[in-house]
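Student: I'd like a close look at one part of this protein, taken slowly. Could you walk me through it?

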Amino acid sequence: MDKDRIAGSAKDFAGKVEGDVGSMAGDAKTQASGLAREAEGTVQNLYGQAKDAYENSGETLRDSSQAVAKKVQDNPLGALLVAGGIGFALAMLMARPPRRPPQRWRDYS
């Protein structure tokens with residue numbers, strides 16, 4: 001877990017508390033300050049989540065490609081049939097004639 005996510009969650013919680021205290025006390029300045037801190041915490045938390053996802057994306061891609069390679073090695077005939085089916089479907093989609101707009105009937109009377 002990234003330090004930005006932890007700090008963002010803490011700011012988000014503190015902002016909610018500050019906003020609630022300002023709301024109960026009727027102090028608009030404290031309430032606005034709490035909302036601003038809550039928004040800042042949410043943004044920092046989202047930044048930390050995005051950073052974590054970016055750092056871990058290479059490992060996930062590598063793991064998934066290794067899993068696919070293992071499946072192909074375990075069942076080469078099935079992999080060949082799946083690849084052939086995908087190729088056939090793509091060929092059918094690409095070879096289909098383009099759509100023509102419907103004919104418009106005009107009344108020349």
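Student: Which residues are buried in α2?

Tutor: Happy to. Please keep in mind that this is a predicted model. In α2, the buried residues are Gly-34, Gly-41, Gln-44, Asn-45, Gly-48 and Asp-52. The buried residues of this helix pack against α1.

Let's take in the helix as a whole. Helix α2 covers residues 28-74, which makes 47 residues. From its first C-alpha to its last it reaches 66 Å, close to the 69 Å expected at 1.5 Å a residue. On the way there is a kink of about 40 degrees, centred on Asn-56.

A salt bridge also ties α2 to α1. Asp-4 pairs with Lys-51, and their closest N and O atoms are 2.9 Å apart. Asp-4 belongs to helix α1 (residues 3-25) and Lys-51 to helix α2, so the pair links parts of the chain that are distant, 47 residues apart. How covered are the two partners? Asp-4 counts as buried because its relative accessibility is 13%, under the 20% cut-off. Lys-51, at 24%, counts as partly exposed.

Further along α2 there is a salt bridge inside the helix. The side chains of Lys-70 and Asp-74 meet with 3.4 Å from N to O. These two residues sit 4 apart in α2, about one turn of the helix. The spacing fits a general rule: an α-helix has 3.6 residues a turn, so residues three or four places apart point the same way. Asp-74 is exposed, with a relative accessibility of 55%.

For comparison, look across at α1, where Asp-12 and Lys-16 form a salt bridge, their closest N and O atoms being 3.9 Å apart. They too are 4 residues apart, in helix α1, and therefore separated by about one helical turn. Here Asp-12 counts as buried at 18% relative accessibility, while Lys-16 is partly exposed at 41%. In the whole structure, a search finds 6 salt bridges, and those described here are among them.

One last stop lies beyond α2. Val-82, Ile-86, Leu-90, Leu-93 and Met-94 form a nonpolar patch on the surface, and together they have about 550 Å² of accessible area. One of them, Leu-93, is found in helix α3 (residues 76-95). Leu-93 is exposed, with a relative accessible area of 57%.

To come back to your question, the buried residues of α2 include Gly-34 and Asp-52, and the helix's buried residues pack against α1.

How values were computed:
Residues numbered from 1 in each chain as written. Predicted model: local features only at pLDDT ≥ 70, side-chain atom pairs only at ≥ 80, totals over all residues. Heavy atoms only, no water. Patch = residues over 30% accessible without salt bridge, like charges linked within 9 Å, V, L, I, M, F, W, Y side chains within 5 Å. Areas by Shrake-Rupley, 256 points an atom, 1.4 Å probe, with all protein chains shown as cover. Salt bridge = Lys/Arg side-chain N within 4 Å of Asp/Glu carboxyl O. Buried < 20%, exposed > 50% of the residue type's maximum accessible area, 1.4 Å probe, protein only. Expected span 1.5 Å × (residues − 1). Bend = angle between axes of the 7 residues up to and from the residue. Contact = heavy atoms within 4.5 Å.
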